Amino acid sequence: MHIRGDHAELVVGGRLDVRSAADARTALHAAVDSGRGDLVLDLTELDSWDATGLGVIMGAHRRAGRVGRRLVLRGVPPQMQRLLVATRLHRILAIEGGIESETLPRV
């Protein structure tokens with residue numbers, strides 16, 4: 001997993017999982033605490049995330065809200081969009097451009 005950027009935009013790549021969660025949490029919290037306005041997480045380079053990684057994202061979302069900021073996800077890969085829809089987190093998290101309609105479950 002790698003994270004690069006500043007307090008306004010971070011690019012997250014690789015795997016966001018139980019092994020990388022502590023480092024990711026530290027980087028995200030530092031970015032949230034040191035800036036103002038929206039914090040954009042660009043996930044276009046993210047290969048995968050597990051429940052722990054999703055928990056890190058949610059924790060950063062909550063922390064941003066507590067300090068008057070908004071966490072915005074950009075470039076969410078399709079398989080991760082499906083997970084956000086399945087868990088209904090797409091209704092809570094700010095996702096730039098929204099969720100693509102083909103990721104929604106078919107009825």
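**A colleague's note on the predicted model**

1. Let's start with α1. This helix has 14 residues and spans 20 Å from first C-alpha to last, close to the 20 Å expected at 1.5 Å a residue. Please keep in mind throughout that we are looking at a predicted model.

2. Which residues of α1 are buried? They are Ala21, Ala24, Leu28, His29, Ala31 and Val32. Viewed down the axis of α1, these buried residues fall within an arc of 160 degrees, so they line one face of the helix. The other side of α1 carries Asp23, Thr26 and Ser34, which are exposed. The cover over the buried residues of α1 includes β1 (2-5), β2, β3 and α2.

3. Next, the strands. β3 and β4 run parallel and are joined by four bridges; within this pairing, Val40 has Val72 of β4 as its bridge partner. To get from β3 to β4 the chain passes through α2, and this β-α-β crossover is right-handed.

4. β4 also pairs with β5, again in parallel, through two bridges. Val72 appears here too, with Ala94 in β5 as its bridge partner. A right-handed β-α-β unit is made by β4, α3 and β5.

5. α3 deserves a look of its own. Its buried residues are Met80, Gln81, Leu84 and Val85. Seen down the helix axis, the buried residues of α3 fall within an arc of 145 degrees, so they line one face of the helix. What do they pack against? The partners are β3, α2, β4 and β5 (94-95). Just after α3, you may like to check Arg88, which takes a positive phi of about 65 degrees.

6. Now the interior. The largest nonpolar core has 29 residues, and those with the most contacts inside it are Leu41, Leu43, Trp49, Ile57, Leu73, Leu84 and Leu93. At least two core residues come from each of β2 (9-16), α1 (21-34), β3 (39-49), α2 (51-66), β4 (71-74) and α3 (78-86). The largest share, six residues, is supplied by α2.

7. Finally, Leu73 is a good residue to centre the view on. Leaving aside residues up to four places away in sequence, Leu73 touches Leu41, Leu43, Ile57, Leu84, Leu93, Ala94, Ile95 and Glu96. Among these, Leu41, Leu43, Ile57, Leu84 and Leu93 are listed, with Leu73 itself, among the residues with the most contacts inside the largest nonpolar core. Leu84 also belongs to the buried set of α3.

How values were computed: Residues numbered from 1 in each chain as written. Predicted model: local features only at pLDDT ≥ 70, side-chain atom pairs only at ≥ 80, totals over all residues. Heavy atoms only, no water. Core = buried A, V, L, I, M, F, W, Y, C linked by side-chain atoms within 4.5 Å. Buried < 20%, exposed > 50% of the residue type's maximum accessible area, 1.4 Å probe, protein only. Contact = heavy atoms within 4.5 Å. Arc of directions from axis to C-beta. Expected span 1.5 Å × (residues − 1). Pairing = 2+ DSSP bridges. Right-handed = clockwise from strand over helix to strand, strands pointing away.
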